[in-house]
Amino acid sequence: MGHEPIRSLELRGITKRFPGILACDHIDLSVGEHSVRALVGENGAGKTTLMNILMGLYHPDEGHILINGSEVHFRSPNDAFDHGIGMVHQHFMLVQNMTVAENVALGMQSAHKLFRLDLASVKKRILEISERHELPVNPDAMVWQLSVGEQQRVELVKTLCLGARFLILDEPTSALTPQETDELILLLQKMSRELSIVFISHKLNEVKALSDTVSILRRGRIVFEGRTENHSSSDLAALMTGHEVELPRVDSTGIDRSGDRGLLSIRELNVLGDRGNIALDGVSLDLAPGEIVGLAGVSGNGQRSGSIQIDGVEIAGSSAARIIGVGMGYIPEDRNTEGIVPSFSVRENLVLKDVGEKQWSTAGFLKLKAIAANATGLRERFDIRCPSTDTAAGSLSGGNIQKVILARELARGPKALVAVYPTRGLDMGAIEFIHKQLLERRKEGVAILLISEELEEIMNLSDRVAVIYKGKILKVVPGKDATKRSLGLLMAGVVDE
Ligand SMILES: Nc1ncnc2c1ncn2[C@@H]1O[C@H](COP(=O)(O)OP(=O)(O)O)[C@@H](O)[C@H]1O
Ligand SMILES: [Mg+2]
């Protein structure tokens, strides 16, 4: 501490190379006092690397950092903290089995090289900060008991307790619910009157709502910089991806619902939410071939009971192999723990659910050539960007992991597909790709149950939208009649006739 406040911060010509990759390519970026600069770009564009350099976590191969016009050298995050720069990382760095106050104390101790700190004064500091910035936190709560939104508030409070006047937020909304997101944006709008903020996101409505200026990174280079208010979201999307992005919409005509039961038929399905609440309470639904039904208002994806049938064959409670055998595809909520085995290669993950089938093995030996050829084909078809199909799937970006899962689930030609939050946290290019894939399968007659918290996604893709309130279907509306407002009201339990 003890440095003069930051009036201007400038990155000049920052370049960073990783083996085989130019992550940052002569990047210039400046942030003024009390302003919000949005840094946007697709996954892998170099946003996090650039900010890690600013925080002293990485050293640039070339370039300089200037504060108030003088060059600084950060050897570690403590040097950045000393100047009042703090970062809330994309993946929270809290110790789960400690209290909020203990986490903050830990951060303060290591940042300011203190030997010990008394917890009472840390708590006092937390309450001051939380009051001043309207960030309610309970210093005595155990971190593991907090929701994602609450943990993020703790990260913010922790960073502010370290004395940050210059905040870097790396994709702070990617794990939040829409409501938590709105709250955070409001909060940051207020904070920006006192602090300077670098806001990383690929959600352009957030960028529009919050930032004064925007810089767009593509493949390690700044491709655009300007005042946010002068540019539309679709202009920014085109600059970000390098092409016009137009999210496709379903054309809900010609669905044959003449069968008395659906191709995908759900009866009395119960799902427990992950925080003990009831996510689905006795829900029944029939999906016709080639129909997408969106479920809005579901949160949590815990234990299930009830009946799910494909073409009259029961699959609830069946083994994974049987579920696959009857033609069910599944895109799970948590792609890293349920969707892939992170330490396995991309090519192994692409046949994960098929192992044991004759196609990939004979007499207990894997057919390695066939597995490799399968992966090469799917990599091309699903535009999976990875150094090689031998790369561990867990090291890919979220969008590419999701493409691996999608490729595996769709390559088998399922009759029905359940997709849970399929585009959560992904960038526009990846979202566009996944939406197109889902609509193509629908055209081929696949029945698709889409569970999503993005109303835009539900409205764009669904033939029908079933709105869940307190675990039950409150109303089913044709997708073409759904609006954000009407769905929002239904999700809050309001039925207007
Ligand atoms: N520690 C690292 N080692 C090797 N490559 C890395 C490392 N960190 C990032 N990269 C690579 O640098 C590029 C930019 O990554 P990143 O800055 O995380 O992008 P973004 O935050 O925009 O999604 C990517 O290709 C990524 O794979
Ligand atoms: Mg990143």
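Across the interface of domain 1 and domain 2 in this predicted model, 2 residue pairs are in polar contact, both at pLDDT 80 or more. Salt bridges contribute nothing there, the count across the interface of domain 1 and domain 2 being 0. On the side of domain 1 that touches domain 2, helix α8 (residues 233-241) gives the most, with 3 residues. That side of domain 1 is made up of 4 nonpolar, 6 polar and 4 charged residues.

The two domains themselves follow from the domain assignment of the protein chain, which places domain 1 at 8-241 and builds domain 2 from 264-327 + 413-491. In the contact, domain 1 takes part with 14 residues and domain 2 with 9 residues. Taken over C-alpha atoms, the centres of domain 1 and domain 2 are 34 Å apart.

The size of an interface is often expressed as the accessible area lost when the parts come together. Between domain 1 and domain 2, the buried area is about 830 Å², and carbon and sulfur atoms give 53% of it. Within domain 1, the residues that lose the most area to domain 2 are N43, P178 and H202, which together account for 36% of what that side buries.

One of these residues, N43, leads on to the ligand, for N43 is also among the residues around ligand 1. The surroundings of ligand 1 include the run E42, N43, G44, A45, G46, K47, T48 and T49, together with F18, I21, A23 and Y58. Several of these residues place polar atoms close to ligand atoms. A polar backbone atom of G46 is 2.9 Å from an oxygen atom of ligand 1, and an N or O atom in the side chain of K47 is 2.8 Å from an oxygen atom of ligand 1. Y58 approaches a nitrogen atom of ligand 1 instead, with a polar side-chain atom at 3.3 Å.

Although salt bridges are absent across the interface of domain 1 and domain 2, the count for the model comes to 28. One salt bridge joins R125 and E128, whose closest N and O atoms are 3.9 Å apart. R125 and E128 both belong to helix α4 (residues 119-132), and because they are 3 residues apart in that helix, about one helical turn separates them.

Notes. Residues are numbered from 1 along each chain as its sequence is written. Chains are lettered from A and ligands numbered from 1 in the order in which they are written. This is a predicted model: local features need pLDDT of at least 70, side-chain atom pairs count only at pLDDT 80 or more; totals for chains, interfaces and linings use all residues. Side-chain values use heavy atoms; hydrogens and water are left out. Domain bounds come from an automatic or database domain assignment. Contact means heavy atoms within 4.5 Å. Buried area is the accessible area (1.4 Å probe) that two parts lose on being put together, summed over both. A salt bridge is a side-chain nitrogen of Lys or Arg within 4 Å of a carboxyl oxygen of Asp or Glu. A polar contact is a pair of N or O atoms within 3.5 Å; within protein, one must be able to donate a hydrogen and the other to accept it, and residues adjacent in sequence count only if both atoms are side-chain atoms. Helices (H or I, at least four residues) and strands (E, at least two) are DSSP runs, numbered from the N terminus. Ala, Val, Leu, Ile, Met, Phe, Trp, Tyr, Cys and Pro count as nonpolar, Asp, Glu, Lys and Arg as charged, and the others, Gly among them, as polar. A residue is near a molecule or strand if one of its heavy atoms lies within 4 Å of it.
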